[in-house]
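Okay, thanks for coming, everyone. I'd like to walk you through a structure that's new to most of you, so let's put it up on the screen.

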Amino acid sequence: MPINEHARIRLAIIQRKYGARLSQGTRGADLPDRRERFNADFRRILADIIVPTFEAIGDELAASGHAYRLEHDVGEQTPSLEFHILLRGVPVDASNLIRLFSRADAEGDGEVIAEVNVGQTLTELTRFRALSRITQDVAEQMCVDAIEHIFACNAR
């Protein structure tokens, strides 16, 4: 049974609209390559934006008598960064850290998750699927917000 002309036209429009995306493999066989590119781009953003921003903020904290430590790729198969906040007057073994990591099992190219861990309680800060959204201003604001959370939780 042949389809009517209206349905045929709609199918042609649908194929023109979405066909190019499908042929580019948005969910296809090149997924590992896309994830590798995503992780490589995230490593570059870590080095160029996040680490310098976190170091500058850590230096500000250090000027007030606190300390910090940055650790890369801690126990991860994907790029990650842990920013340990060592507050004056708080036991050194206290868990006060900001962590960013690339989630390997995310849909699409990948996803970066930012979270804060205070006293073994994780709070998600944000998620990034578009790495272009991780700017110096965004990294700085996210970090300062997380530090406020860390200070508030430890000042109880």
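Let me start with a question: is glutamate 111 buried or exposed? It's buried, because its relative accessibility is just 3%, and the cut-off for buried is under 20%. What we're looking at, I should say right away, is a predicted model.

So who does glutamate 111 meet? Its side chain forms a salt bridge with the side chain of arginine 103, at 2.9 Å from N to O. Arginine 103 counts as partly exposed, because its relative accessibility is 24%. And that pair isn't on its own: Arg103, Glu111, Glu124, Arg127 and Arg129 are all linked in a network of salt bridges. Inside that network, arginine 127 bridges to glutamate 124, with the closest N and O atoms 2.8 Å apart. Those two are partly exposed, arginine 127 at 37% relative accessible area and glutamate 124 at 43%.

Okay, let's step back to the whole chain. We have 156 residues, and 36% of them are buried. There are three helices and five strands, and starting at the N terminus the order goes α-α-β-β-β-β-β-α. If you take contacts between residues at least 6 apart in sequence, 46% of them join residues at least 24 apart. The accessible surface is about 9700 Å², and 52% of that belongs to carbon and sulfur atoms.

Now the hairpin. Strand β4, residues 111-118, pairs with strand β5, residues 121-128, in the antiparallel sense, over seven bridges. One example to look for on the screen: valine 116 has threonine 123 in β5 as its bridge partner. Two residues sit between the strands, and glycine 119 in that turn has a positive phi of about 55 degrees. Then there's glutamine 120, also in the loop between β4 and β5. Its phi is positive too, near 70 degrees, and this one is not a glycine. Glutamine 120 is exposed, with a relative accessible area of 64%.

Back to salt bridges for a second. How many does the count come to? Nine. One that I'd point out is arginine 43 with aspartate 73, where the closest N and O atoms are 2.8 Å apart. Arginine 43 is in helix α2 and aspartate 73 is in the loop between β1 and β2, so this pair ties together parts that are 30 residues apart in sequence. Both ends are partly exposed: arginine 43 has a relative accessible area of 39%, and aspartate 73 has 32%.

Next stop, histidine 66. You'll find it in the loop between α2 and β1. Histidine 66 counts as buried because its relative accessibility is 13%. Its side chain reaches the backbone nitrogen of arginine 88 at 2.9 Å. Setting aside neighbours within four places in sequence, histidine 66 is in contact with Leu61, Leu86, Leu87, Arg88 and Phe151.

Last thing, over on the surface. Which residues form a nonpolar patch there? That would be Ile3, Leu11, Ile14 and Tyr18, with about 340 Å² of accessible area together. Leucine 11 lies in helix α1, residues 5-23, and it counts as partly exposed, at 43% relative accessibility.

That's my tour, so feel free to rotate the model and jump in.

Notes:
Residues are numbered from 1 along each chain as its sequence is written. This is a predicted model: local features need pLDDT of at least 70, side-chain atom pairs count only at pLDDT 80 or more; totals for chains, interfaces and linings use all residues. Side-chain values use heavy atoms; hydrogens and water are left out. Helices (H or I, at least four residues) and strands (E, at least two) are DSSP runs, numbered from the N terminus. Buried means under 20% relative accessible area, exposed over 50%, partly exposed in between (1.4 Å probe, protein chains only). A polar contact is a pair of N or O atoms within 3.5 Å; within protein, one must be able to donate a hydrogen and the other to accept it, and residues adjacent in sequence count only if both atoms are side-chain atoms. Contact means heavy atoms within 4.5 Å. Patches are made of residues with over 30% relative accessible area and no salt bridge: like charges are joined within 9 Å, nonpolar side chains (Val, Leu, Ile, Met, Phe, Trp, Tyr) within 5 Å. Accessible areas come from the Shrake-Rupley method with a 1.4 Å probe; for residues, only the protein chains shown count as cover. A salt bridge is a side-chain nitrogen of Lys or Arg within 4 Å of a carboxyl oxygen of Asp or Glu. Two strands pair if DSSP finds at least two bridges between them.
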